[in-house]
Amino acid sequence: MTTSHTPDVAHIAPREKAEILSQALPYIRKFHGKTIVIKYGGNAMTDPELQQDFAEDVVLLKLVGLNPVVVHGGGPQIEDALNKLGKKGHFIQGMRVTDAETMGVVEWVLAGEVQQDIVGLINAAGGKAVGLTGRDGGMIRAKKLKMLDKDDPSKEHDIGQVGDIVSIDPSVVKALQDDQFIPVVSPIGFGEGNESYNINADVVAAKLATVLQAEKLLMLTNIRGVLDKAGELLTELTPRRIDELVADGTISGGMIPKIAGAIDAAKSGVNAVHIIDGRVPHAMLLEVLTDQAYGTMISSR
């Protein structure tokens, strides 16, 4: 699993190698047979070497007896595709307005290009990945997201085919896991009229982790984790501490919805949620199978 990011394993003393491997043993034993939902995004999804690291990590987790489920985003790839088509993105309160034409591009990019790249990487690394959208097995039922104006809550914005989850049926994911496959899920749901909805991937990952009663939810990001006001990494948080950090402005902006999903998952039966720096090679493996913290862990307690 050596990449140009990491030191050559040949230069690590045998005793150090053995200690690294033995440190993983209690974690492998503890998490054997447990489901881990991974939200895959950020640099880990666009840097070729980090992509390779990610695929190897997912395969290794599966081989040592864990059950990884991958949920991916694809905002930059959607933006690139729309630009190539000469379609200008329109945003309201940071959310992309998704008309029917844009939704077609979203489905083509997420469920086609992006998903199949991830499936291919995992398969090339020795795994057996299968791509799914919320339509497969009737997995993600959705409805139109109601967006209230942040300044005037009595006013509602129409942002098109952006969805809110109504329910998740995890049967197809469980069936694949039982057959030793690794599910790779695109965050696309369907409505009562068979219309498609683009759903925030963080929200899908958090809800899927809850429904599957996952042991862990891992969220790969482009940040070190949740930082305090001095810029230091907060390695462990509880929902109460998060409320305090939001109130005093330490947690703000795009981190708030990510944290909100993490708290919901932690309160709903997911034992731990980890916000991990996906720019660190093999950060996911190090976070799950060693004592070293490579991000922020949010627990329900």
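1. Let's start with two helices that pack together. Helix 3 (residues 75-84) and helix 4 (residues 100-124) meet at an angle of about 125°, and their axes are 10 Å apart. That angle makes helix 3 oblique to helix 4, because it falls outside 65 to 115, the range for roughly perpendicular, and is not over 145, where roughly antiparallel begins. The crossing of this pair, helix 3 and helix 4, is right-handed. Keep in mind as you read on that this is a predicted model.

2. Which residues of helix 3 meet helix 4? On the helix 3 side they are Gln-77, Ile-78, Ala-81 and Leu-82. Facing them from helix 4 are Thr-102, Val-105, Val-106, Trp-108, Val-109, Leu-110 and Val-114. Try picking these residues out in the structure above.

3. Stay with helix 4 for a moment, since Gln-115 lies there too. Is Gln-115 buried or exposed? Gln-115 has a relative accessible area of 4%, so it is buried, the limit for that word being under 20%. Leaving out residues up to four places away in sequence, Gln-115 touches His-72, Val-109, Leu-110, Gly-131, Leu-132, Thr-133, Val-184 and Ser-186. Val-109 and Leu-110 should ring a bell: both are among the helix 4 residues that meet helix 3.

4. Next, have a look at Asn-198, which is found in strand 12 (residues 196-198). Asn-198 counts as buried because its relative accessible area is 14%. Not counting residues up to four places away in sequence, Asn-198 touches Thr-98, Met-103, Val-106, Leu-110, Gln-161, Val-162, Gly-163 and Pro-187. Leu-110 turns up here again, having also appeared in the list for Gln-115. Val-106 is back as well, as one of the helix 4 residues meeting helix 3.

5. Now for the aromatic rings. How many aromatic pairs are there? The count comes to two. In one of them, Tyr-27 and Phe-31 have ring centres 6.4 Å apart and planes at 35°, so this pair is tilted. Tyr-27 and Phe-31 are four residues apart in helix 1 (residues 14-31), so about one helical turn separates them. Tyr-27, at 21% relative accessibility, is partly exposed, whereas Phe-31, at 2%, is buried.

6. The other pair is Tyr-40 with Phe-54: the ring centres are 3.7 Å apart and the planes are at 5°, so the pair is stacked. This pair links distant parts of the chain, with Tyr-40 in strand 1 (residues 35-40) and Phe-54 in helix 2 (residues 48-63), 14 residues apart. Tyr-40 is buried, with a relative accessible area of 1%. Phe-54 counts as buried too, at 5% relative accessibility.

7. One more ring deserves a look. Lys-128 lies over the face of Phe-181, at 4.6 Å from the ring centre.

8. Last stop: Ala-206, found in helix 6 (residues 201-211). With a relative accessible area of 5%, Ala-206 is buried. What does Ala-206 contact, leaving aside its neighbours within four places in sequence? The partners are Leu-217, Gly-261 and Ala-265. Ala-206 and Ser-268 are 62 residues apart in sequence, and 9.8 Å apart in space, C-alpha to C-alpha.

Conventions. Residues are numbered from 1 along each chain as its sequence is written. This is a predicted model: local features need pLDDT of at least 70, side-chain atom pairs count only at pLDDT 80 or more; totals for chains, interfaces and linings use all residues. Side-chain values use heavy atoms; hydrogens and water are left out. Rings of Phe, Tyr and Trp (its six-membered ring) pair if their centres lie within 6.5 Å; planes under 30 degrees apart count as stacked, over 60 as edge-to-face and the rest as tilted. Helices (H or I, at least four residues) and strands (E, at least two) are DSSP runs, numbered from the N terminus. Buried means under 20% relative accessible area, exposed over 50%, partly exposed in between (1.4 Å probe, protein chains only). A charge sits over a ring if NZ of Lys or CZ of Arg is within 6 Å of the ring centre and within 35 degrees of the ring normal. Axes are lines fitted to C-alpha atoms, for helices over the stretch in contact, and angles run from 0 to 180 degrees between N-to-C directions. Angles under 35 degrees count as roughly parallel, over 145 as roughly antiparallel, 65 to 115 as roughly perpendicular and the rest as oblique. A crossing is left-handed if the near helix is turned anticlockwise from the far one by less than a right angle, and right-handed if clockwise. Contact means heavy atoms within 4.5 Å.
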